[in-house]
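Work through the following exercises on cysteine pairing with the coordinates open beside the text. Each task is followed by a solution that proceeds step by step.

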Amino acid sequence: MARRSCFFILFVLLLFPMSSRAVVPISDDTQACIDCHAGLNPGIVKGWEKSRMSRVTPAAAKEVPTSRRRVSFETLESSLADSVVGCAECHTLNPGDHRDTFDHNGFEVHIVVTPKDCAICHPVEVEQFGKNLMSHAYGNLQNNPVYRALADSVNGMHVIKDLESTVVKPDSETDADSCFYCHGTVIDVKGNVTRETDDGEMTFPVLTGWPNRGVGRINPDGSKGACSACHTRHQFSIAMARKPYTCSECHKGPDVPAYKVYNVSKHGNVFSSLGGDWVYDNVPWVVGKDFTAPTCAACHVSLLADEEGEVISNRTHQMNDRLAWRIFGLIYAHPHPKSPDTAIIQNTAGLPLPTELTGEPVVKFLIDAETRKERRKQMQTVCLSCHGTTWVEGQFARFENTIKTTNDMTLAATKILLTGWEKGMVKGLSRKDSIFNEALEKKWVEQWLFYGNSTRYASAMLGADYGAFAHGRWYLSKNIHEMLEHLKQQVKEDE
Amino acid sequence: MARRSCFFILFVLLLFPMSSRAVVPISDDTQACIDCHAGLNPGIVKGWEKSRMSRVTPAAAKEVPTSRRRVSFETLESSLADSVVGCAECHTLNPGDHRDTFDHNGFEVHIVVTPKDCAICHPVEVEQFGKNLMSHAYGNLQNNPVYRALADSVNGMHVIKDLESTVVKPDSETDADSCFYCHGTVIDVKGNVTRETDDGEMTFPVLTGWPNRGVGRINPDGSKGACSACHTRHQFSIAMARKPYTCSECHKGPDVPAYKVYNVSKHGNVFSSLGGDWVYDNVPWVVGKDFTAPTCAACHVSLLADEEGEVISNRTHQMNDRLAWRIFGLIYAHPHPKSPDTAIIQNTAGLPLPTELTGEPVVKFLIDAETRKERRKQMQTVCLSCHGTTWVEGQFARFENTIKTTNDMTLAATKILLTGWEKGMVKGLSRKDSIFNEALEKKWVEQWLFYGNSTRYASAMLGADYGAFAHGRWYLSKNIHEMLEHLKQQVKEDE
Amino acid sequence: MARRSCFFILFVLLLFPMSSRAVVPISDDTQACIDCHAGLNPGIVKGWEKSRMSRVTPAAAKEVPTSRRRVSFETLESSLADSVVGCAECHTLNPGDHRDTFDHNGFEVHIVVTPKDCAICHPVEVEQFGKNLMSHAYGNLQNNPVYRALADSVNGMHVIKDLESTVVKPDSETDADSCFYCHGTVIDVKGNVTRETDDGEMTFPVLTGWPNRGVGRINPDGSKGACSACHTRHQFSIAMARKPYTCSECHKGPDVPAYKVYNVSKHGNVFSSLGGDWVYDNVPWVVGKDFTAPTCAACHVSLLADEEGEVISNRTHQMNDRLAWRIFGLIYAHPHPKSPDTAIIQNTAGLPLPTELTGEPVVKFLIDAETRKERRKQMQTVCLSCHGTTWVEGQFARFENTIKTTNDMTLAATKILLTGWEKGMVKGLSRKDSIFNEALEKKWVEQWLFYGNSTRYASAMLGADYGAFAHGRWYLSKNIHEMLEHLKQQVKEDE
């Protein structure tokens with residue numbers, strides 16, 4: 001018997017990867033998809049085969065204890081619950097809601113899988129994501145006249161005549177290739193196309209704004225967002241979502257350099273140096289055992305616990321419920337807005353901004369001191385997993401000091417711009433001109449959008465190297481000198 | 001017997017790495033090299049020992065089925081075919097052709113191994129590489145007067161006197177340390193040197209331009225290029241050549257930021273997050289099974305197949321046979337040149353450029369619409385492994401729109417420069433001055449060499465974060481404002 | 001018996017990770033720490049459990065042969081020698097020396113572990129580190145008036161009134177969040193605080209400059225530095241210290257872009273592509289066998305040997321004993337200073353700089369030609385592990401040429417600035433003004449601090465892509481044009 005055990009162990013060790021797939025219940029519909037597409041798009045099918053979704057039925061996923069559960073539905077009809085989640089389960093769901101539904105070999109297929117589709121199994125996460133600023137990333141840019149003007153100034157075409165430039169509004173493909181790549185496009189059906197395929201003539205919908213997987217995408221079923229922005233299709237690996245590379249797709253540029261800062265932080269160093277040995281797919285994610293330094297997800301999203309199963313932090317797809325301050329994107333750092341829809345905000349000057357041009361927060365639309373305190377505490381609980389109280393309090397005091405000093409450096413730049421506007425050397429609001437289309441205005445934008453943000457991120461996430469000379473304080477200061485000289489010289493010329 | 005099997009399996013598992021080297025046929029000449037150099041340069045010898053070349057004879061490499069074969073020779077004399085490929089096999093090959101051949105302990109050794117040497121076993125790949133623009137990277141820079149002037153303006157020394165700068169032509173070491181590090185230097189023998197060594201006095205050739213492993217290196221046997229640029233000596237790992245880090249050695253800077261764009265793309269994210277589990281050394285490289293997102297090599301070089309062995313894309317070392325457009329390096333994006341030797345190109349103004357200064361392509365030297373269509377289709381076949389037709393067509397339409405808009409933004413900058421030249425505020429072509437040596441000209445160069453290129457790469461390779469604020473559209477637009485203000489101010493001063 | 005062996009091997013293979021901890025002698029004091037903190041700060045305790053320190057007693061560490069030994073103490077009292085190195089062993093050491101010692105549940109605990117604490121087991125390394133410029137990083141910045149003025153200009157707040165800016169000295173939190181994050185803060189006790197904890201009311205010291213782990217930190221026991229800057233607490237992984245990510249925490253920005261250059265070098269490529277299979281924790285570190293391309297540590301710190309145990313390079317924590325030239329941080333590259341305390345240096349103009357403003361080295365304070373030759377040889381010995389003599393000599397000749405040309409390009413910029421100062425268009429030394437607070441001065445700083453440094457790093461470490469367009473020669477040249485136009489325009493205005 002002992003001999004048999006020995007063999008059995010070897011057998012399991014060697015053959016487990018092969019044998020584990022044998023009993024997977026794939027629906028007939030999904031099998032029909034695979035029969036053709038395994039040859040047509042092998043990468044999609046093989047990728048999916050590597051996913052957890054291809055191996056675990058929703059019913060089985062629900063059976064595990066709450067703390068380890070990866071689904072949040074209450075009930076699910078048997079046709080969905082008892083097959084693994086394959087092509088058909090997602091791409092034929094809610095056909096009536098999807099304007100991109102089309103007949104495809106007898107199936108009602110849609111191309112764009114949406115949060116509403118994912119909510120069948122993950123309703124809690126989708127609801128949380130609805131409160132996330134990211135789910136409103138399209139409207140918060142497109143429907144905010146100040147931000148739309150900024151996008152126009154970045155993406156618009158310059159037509160030059162006699163040393164004057166006229167900026168023409170960008171076409172939709174350029175917008176989709178730039179800001180809205182991450183913010184999300186509007187996906188809609190603009191017609192049909194018939195293509196000659198290996199299986200004869202077939203008709204497909206033609207989509208606007210496609211391809212896109214921006215976090216605030218407006219979908220053909222009216223929903224907002226794209227889970228696949230972070231939960232990359234078709235492997236949907238939780239390990240991948242927890243790695244910082246996922247966030248870096250949209251958070252690496254100078255306007256929001258979270259990844260670059262993380263990379264030079266001690267946290268990033270530990271991840272890069274030792275993270276090859278970590279466990280990334282445990283639920284809950286066990287601090288110290290599974291990983292010894294946080295990734296983005298650890299601080300901002302994941303359900304964290306200690307080895308005894310004690311919860312340190314609950315899972316959130318709202319994300320800013322662990323954040324008191326919004327440190328990027330706007331002119332000044334400010335308390336987080338109450339609503340994820342920021343297009344509703346108006347300051348006293350009537351501008352759709354959460355602060356005045358001189359920095360005072362528009363308190364009515366922003367979370368109050370009590371809520372900030374609670375959120376700060378949420379984050380600090382995560383920090384305390386690996387740091388003492390003295391450390392954590394020192395860090396937060398320093399960070400809040402940096403919020404103040406970077407706001408002050410933005411105010412300095414704004415005062416220079418306001419003087420330029422007043423003296424008429426730069427056109428601006430009072431002349432009903434874009435505030436983003438002259439050289440001095442561009443420098444002003446860089447003061448907050450690049451250098452202020454970068455310095456704050458470096459402070460918040462302990463990546464000082466990025467906040468000193470790389471893209472932070474050196475430029476915050478140099479830019480003031482350049483703005484002043486730029487304006488003084490125009491004064492001289494005008495005299 | 002069962003007990004013995006158990007032991008046998010354990011034995012194989014534990015001892016395989018040691019036992020596998022036992023039967024390797026190393027030539028006497030190579031063994032002689034190793035006998036000294038294992039002590040002198042242990043890193044080289046141990047690196048080579050980890051290579052496939054040190055374990056497989058060319059004869060054995062040829063025996064595998066064509067689709068899995070890594071060599072392309074027809075016949076090889078037995079002295080080479082039946083030993084593994086070691087020091088002597090490469091460094092004593094074709095001694096008569098190599099001006100760097102020298103007598104070394106009785107062997108006719110040369111230092112610089114060249115594509116002509118590698119072609120003994122890999123003739124098809126070397127022939128393909130001869131059609132690759134990269135193999136002409138030295139001459140395409142050095143023999144193009146416009147580009148040589150750009151290099152002079154970058155690498156030349158400034159001598160300041162009374163607020164005037166004279167630019168002195170760069171010395172050859174500076175060139176070799178800058179542009180020609182990647183483009184390749186000219187390696188030639190300029191004399192001999194005698195050194196006291198552990199084995200007594202020995203004489204070695206002194207080489208110009210050494211060290212260098214640039215892709216367009218001019219070798220002492222007259223051949224062009226360096227396979228070791230990508231196939232890093234002395235491990236020659238195909239896994240390494242297939243990883244994006246290899247390309248990043250020369251394709252990360254703002255003039256050609258392919259790696260930076262890849263890094264923030266979904267493809268790059270999948271590679272960084274999940275690529276630790278991939279298989280990088282299979283031939284053919286199986287889409288979906290070996291890897292689930294492309295590296296540079298997957299799209300541009302490798303032989304790809306699906307799990308059934310169906311070829312998706314043939315191996316190419318020409319690379320641009322999957323590319324319709326040349327999106328970097330020149331002033332405007334344009335169809336790829338027909339010949340890898342671009343020094344032969346002349347536009348209507350007599351400049352060695354594939355477009356006019358105002359952007360119109362010099363069609364005579366460039367591939368036609370039909371060829372572009374074929375090449376686009378080659379690339380799209382790769383895309384379709386993991387994406388649907390709707391997705392792929394949308395992506396390519398968007399990319400071609402970006403080619404147009406970035407060319408237009410370069411034209412806008414060019415018009416400003418042309419006005420400056422016309423009005424005499426900037427010296428230029430008509431005054432027979434370098435077009436790269438004044439502040440306004442430098443800004444113009446950045447418009448296409450940095451910002452236009454970066455925006456196109458971001459579009460082509462789906463890394464929008466890089467093309468928005470990092471080094472793309474923000475600067476394309478800001479630069480126009482700065483060029484205009486710069487020139488207008490000079491107009492005022494001259495008035 | 002054979003059957004039993006079979007079981008035994010399986011047993012060891014499967015259970016080793018669990019069983020290995022069973023016999024570890026943890027001191028009662030450390031166990032007392034763990035009893036509470038395992039729940040309070042699980043990340044710290046689990047991190048430490050993964051460390052070598054948690055498994056090996058100093059006595060056992062001393063028993064291994066010298067060449068493989070990781071400790072350097074001569075004798076150690078039994079109370080420390082025979083327990084593993086846990087919480088109490090470090091945090092209660094030398095209580096009388098530590099101004100941050102406080103009573104904590106009956107233990108005399110200090111928060112900040114210092115090199116003096118680490119020296120109990122690692123005295124040789126700590127002594128070497130005392131000769132390292134890094135251990136003086138605080139004073140070399142804070143006590144050098146020129147450098148303190150630079151820091152003030154970077155971190156100070158600008159207050160704008162009537163198009164004039166007044167720069168207010170930075171507060172200490174801003175300094176700590178910027179330059180001194182890496183250089184190190186002064187940690188001292190400024191009072192006590194009583195907190196309500198799970199175990200009732202407890203009193204803790206309040207520290208200035210905390211948190212910080214800068215390499216030149218001034219500690220509450222009067223010592224300089226922080227071993228944890230590179231040997232990250234609480235895993236203290238030698239593998240991590242040997243990976244380039246550790247160095248990148250402070251050496252990635254444009255002032256000292258060592259990591260960025262490494263990343264695009266062949267060395268960095270080999271590490272990124274193949275380093276996943278390397279052995280990082282062997283002592284000595286075996287060239288070719290453990291790794292096939294150097295990380296930062298391999299060239300600058302580690303004890304290297306070949307497979308036969310022949311030492312290639314001795315371990316050093318001084319680091320610059322393998323470096324002839326100091327290529328960054330100061331205005332011109334120059335021979336390394338003799339003393340790690342550079343605040344003692346004075347040039348003939350009375351400035352605390354190792355060169356004159358026009359580049360001539362202040363030889364009295366710098367290592368002589370003989371020492372430079374020795375240090376160059378030290379480094380070349382490492383290079384020769386994997387490169388031939390011809391290669392190495394060519395590389396060093398090219399690098400020293402780049403030192404000359406980049407110094408010349410800095411001199412060109414300095415001449416322009418000196419003219420500005422002379423003509424009074426820029427205030428400067430003679431007007432007793434900061435030399436860092438005007439737009440032209442900022443450009444001058446960038447010439448050496450960013451572009452000169454970057455070009456030299458790219459040359460020294462073979463990452464040419466970074467030294468051409470990314471942050472090197474392109475800007476070295478462009479900046480001269482911009483400085484000239486800037487100054488000429490002011491001349492015109494003043495006429």
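**Exercise 1: a cysteine pair in chain C**

Both C:Cys182 and C:Cys250 are buried in this predicted model. Determine how C:Cys182 and C:Cys250 are linked, and which parts of the chain they join.

Solution. Begin with the distance: the sulfur atoms of C:Cys182 and C:Cys250 lie 2.2 Å apart, and since a disulfide requires two cysteine sulfur atoms within 2.5 Å, the pair forms a disulfide. Next, take the torsion about the S-S bond, which is about -95°, so the disulfide is left-handed. Finally, locate the two partners: C:Cys182 belongs to helix α12 (residues 179-183) of chain C, whereas C:Cys250 sits in the loop between α14 (244-248) and α15 (258-264), so that distant parts of the chain, 68 residues apart, are linked.

**Exercise 2: the corresponding residue numbers in chain B**

Establish the handedness of the link between B:Cys182 and B:Cys250, and decide whether each residue is buried or exposed.

Solution. A disulfide joins B:Cys182 to B:Cys250, with an S to S distance of 2.2 Å, and its torsion of -95° about the S-S bond makes the link left-handed. For burial, the cut-off is a relative accessible area under 20%; B:Cys182, at 14%, is therefore buried, and B:Cys250, at 19%, counts as buried as well.

**Exercise 3: a cysteine without a bond**

Explain why the sulfur of B:Cys383 is not bonded to the closest cysteine sulfur.

Solution. The closest cysteine sulfur, that of B:Cys299, is 6.3 Å from the sulfur of B:Cys383, which is too far for a bond. B:Cys383 is nevertheless buried, its relative accessible area being 18%.

Notes: Residues are numbered from 1 along each chain as its sequence is written. Chains are lettered from A and ligands numbered from 1 in the order in which they are written. This is a predicted model: local features need pLDDT of at least 70, side-chain atom pairs count only at pLDDT 80 or more; totals for chains, interfaces and linings use all residues. Side-chain values use heavy atoms; hydrogens and water are left out. Buried means under 20% relative accessible area, exposed over 50%, partly exposed in between (1.4 Å probe, protein chains only). Helices (H or I, at least four residues) and strands (E, at least two) are DSSP runs, numbered from the N terminus.
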